[in-house]
Amino acid sequence: MPVTIRTIQTSIPAVKLGQSEIRDVFAAQEHLTRLGRRLIHTSFDSAAISTRYSCVAEFDASTPVPQEPTFYDRTTGALLSPTTRQRNQHYVRHAPQLFIQAARRALEACPDLSPGDITHVITVSCTGFYNPGPDYQLVRELGLKPSTVRHHLGFMGCYAAFPALRAAWDFCRADPKAVVLVVSAELCTLHVHSSNDPDTIMGSAIFADGAAAAVVSSGEHSGLAIEDFQTTLTPVGEEAMAWNIGDHGFEMVLGTYVPHIIDENITGALQPLLHNGQRDIPVSEIRHWGIHPGGRAILDRIQKRLELTDEQLAPARRVLRDYGNMSSATVLFVLKDIVESARREPPEKVCAMAFGPGLTVETGLFTLNQE
């Protein structure tokens, strides 16, 4: 029996960041070197991002200036350096709303399902921690059964939506009556730093906040029928992409060599997904590509290496332009764009991928079915 991602719904925080405006905030910090300021302008301007969203109200000029700001002092223009505890407390205050809103929208998009039909909840996040966590809160706030099986995938990084969807696929194959709610929420902007370091600057230029939720169940439904998932570790790159906990927030290592590593290894990473004992699908026969927009350079490299058209990269580039990189939630935004923008047509293959620490490449193959 097929297993289908029946819907993907999203949620974003209220604070909208214009890329040029937030660039000027970072570039105005007094401690920066001349090279640091130049790197900020280059990184922000070349990111192919127009807007991003944040849960940090202090970045919103329309809100009152707090007496004791935590992240950004609009009076002096200074970016502050809150402790990891302060950043995580902000996560605890703001993450639940994104988790719950995205999940509620996903349930509402499946009118034949009631909250009591959900058998499993899988939550995903790498930008904060608390317990009882978001998996618990979703059961309480959405009125799910107290017996709902709950799992949380934490601190995996940008590729974590795939292990969550793979687990949902496994649950539904093991029990055709299973209905799985997968919810990812990331508050990346809690961990921005002002720095002269190129990796830190790149993180500040591309990361954003957002959430996405999917409902996965067995049976014939419109949506994305799951065909397969595969995981690959590249031969190199362990030091090029990492996610660590420091005294003043989580610290992203995003080396400039990452696009080159992905470029050199993406064809091999797709091999077990597209060419195995079950199938042999040329890249040229796949129409839709759901690529995690880890950055413009990554998308450019993949497009050239796989010889994809501008139309095939459009969903990933739109999400990058309008939302930035929201870590694990981002590829779900891209898949949602593909489903909603595709023309009414016979079933088409969708290949999706995301990248994260390790360097890990997660891939998925789907069939897009429309009513």
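This briefing walks through the domains, a helix pair, the empty spaces and a few backbone details of the structure above. The model is a predicted one. UniProt, in an unreviewed entry, lists a "Chalcone/stilbene synthase N-terminal" domain for residues 4-218, and an unreviewed annotation there also gives a "Chalcone/stilbene synthase C-terminal" domain for residues 232-365. Helix α8 is a handy landmark to keep in view, with its residues 296-306, since we will meet it beside α9 and again at a pocket.

**The two annotated domains**

- Over residues 4-218, the stretch that UniProt lists as the N-terminal domain, the chain is 36% helix and 24% strand.
- The end C-alpha atoms of residues 4-218 are 6 Å apart.
- Over residues 232-365, which the UniProt record annotates as the C-terminal domain, the chain is 40% helix and 25% strand.
- For residues 232-365, the end C-alpha atoms are 14 Å apart.

**A pair of helices: α8 and α9**

- Helix α8 (residues 296-306) and helix α9 (residues 310-323) have axes that come within 11 Å and cross at roughly 170°.
- Because angles over 145 degrees count as roughly antiparallel, α8 is roughly antiparallel to α9.
- On the α8 side, the contact is made by R296, L299, D300 and Q303.
- Their partners in α9 are D310, L313, A316, R317 and L320.
- Sorted by class, the residues of this contact are four nonpolar, one polar and four charged.

**Open pockets**

- The largest pocket holds about 400 Å³ of space.
- It is lined by 19 residues, and R6, T7, S222, G223 and V339 lie nearest its centre.
- Elements that give two or more residues to the lining of the largest pocket are β1 (3-11), β10 (223-233) and α10 (330-341).
- Which element gives the largest share of that lining? Strand β1 does, with five residues.
- The lining of the largest pocket divides into seven nonpolar, seven polar and five charged residues.
- The second largest pocket has about 340 Å³ of space.
- Of the 20 residues that line the second largest pocket, M202, P259, G295, R296 and A297 are the closest to its centre.
- Helix α8 returns here: α6 (198-206), α7 (258-274) and α8 each supply at least two residues to the lining of the second largest pocket.
- R296 thus has two roles to look for in the model, as one of the α8 residues that meet α9 and as one of the residues closest to the centre of the second largest pocket.
- The lining of the second largest pocket has ten nonpolar, seven polar and three charged residues.

**Enclosed cavities**

- Rolling a probe the size of a water molecule over the atoms shows where empty space is left.
- How many cavities of 30 Å³ or more are there? The count comes to three.
- The largest cavity has a volume of about 80 Å³.
- C158, F207, M241, M252, L254, H292, G294, I298, N325 and F355 line the largest cavity.
- Seven of the residues in the lining of the largest cavity are nonpolar, three are polar and none is charged.
- The second largest cavity contains about 50 Å³ of space.
- L17, I22, F26, R52, F59, T189, V192, S204 and F207 form the lining of the second largest cavity.
- By class, the lining of the second largest cavity has six nonpolar, two polar and one charged residues.
- F207 is worth finding, as it is among the lining residues of both the largest cavity and the second largest cavity.

**Backbone details in the loops**

- Most residues other than glycine have a negative phi, and most peptide bonds are trans.
- The peptide bond from N131 to P132 is cis, with omega near 5°, and P132 is in the loop between β6 (120-125) and α4 (134-142).
- G358 and L359 are also joined by a cis peptide bond, with omega about 0°.
- L359 is in the loop between β14 (348-356) and β15 (360-369).
- A48 has a positive phi of about 60° although it is not a glycine, and A48 is found in the loop between α2 (34-45) and β3 (51-54).

Key. Residues are numbered from 1 along each chain as its sequence is written. This is a predicted model: local features need pLDDT of at least 70, side-chain atom pairs count only at pLDDT 80 or more; totals for chains, interfaces and linings use all residues. Side-chain values use heavy atoms; hydrogens and water are left out. Axes are lines fitted to C-alpha atoms, for helices over the stretch in contact, and angles run from 0 to 180 degrees between N-to-C directions. Helices (H or I, at least four residues) and strands (E, at least two) are DSSP runs, numbered from the N terminus. Angles under 35 degrees count as roughly parallel, over 145 as roughly antiparallel, 65 to 115 as roughly perpendicular and the rest as oblique. Contact means heavy atoms within 4.5 Å. Ala, Val, Leu, Ile, Met, Phe, Trp, Tyr, Cys and Pro count as nonpolar, Asp, Glu, Lys and Arg as charged, and the others, Gly among them, as polar. On a 1 Å grid over the protein atoms alone, a cavity is a set of points where a 1.4 Å probe fits but cannot get out, and a pocket is an open set with protein on both sides within 12 Å along at least five of seven lines; lining residues have an atom within 4 Å of a point. Grid points are joined across faces, edges and corners, and a volume is the space filled by probe spheres set on the points. UniProt positions are given in the numbering used here, feature names are shortened, and annotations may be inferred rather than shown by experiment.
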